[in-house]
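Visitor: I would like a close look at a single part of this structure. Please take me to the salt bridge and explain its setting.

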Amino acid sequence: MVKNIYGQAIRDMEKMRVEEKIQSIAEAIPADLYEVLTREWSQFVKTCVKKGQGKRKLEEFDYFFELFMKFPH
């Protein structure tokens, strides 16, 4: 369970800071899986930025990932 700086439990992802979201995700899945997903996502973003010559913002990649995860694959 993620707690904010005041020690209160946070369950709503929208109210979490980035660090709290990361902690929540890291605690929810196995450590080895988290490591693989983190590494692969990092490589994906770097490749896209390189091929797109840096035209996209990091926030756009978060949106793309969120959209991608809504569909079965």
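Guide: Here is the salt bridge, followed by its surroundings. This is a predicted model, where local features need pLDDT of at least 70, side-chain atom pairs count only at pLDDT 80 or more, and totals for chains, interfaces and linings use all residues. Residues are numbered from 1 along each chain as its sequence is written, and side-chain values use heavy atoms, with hydrogens and water left out.

The structure holds one salt bridge. The term means a side-chain nitrogen of Lys or Arg within 4 Å of a carboxyl oxygen of Asp or Glu. Here the partners are Glu35 and Arg39, at 3.6 Å from N to O. Both sit in helix α2 (residues 31-51), and because they are four residues apart, about one helical turn separates them. Arg39 is partly exposed, with 44% relative accessibility. Buried would mean under 20% relative accessible area and exposed over 50%, with partly exposed in between (1.4 Å probe, protein chains only).

Now step back to the chain. It has three helices and two strands. Their order from the N terminus is β-β-α-α-α. Helices (H or I, at least four residues) and strands (E, at least two) are DSSP runs, numbered from the N terminus. Of the 73 residues in the protein chain, 11% are buried. What share of the contacts with a separation of 6 or more joins residues 24 or more positions apart? That share is 6%. A contact means heavy atoms within 4.5 Å.
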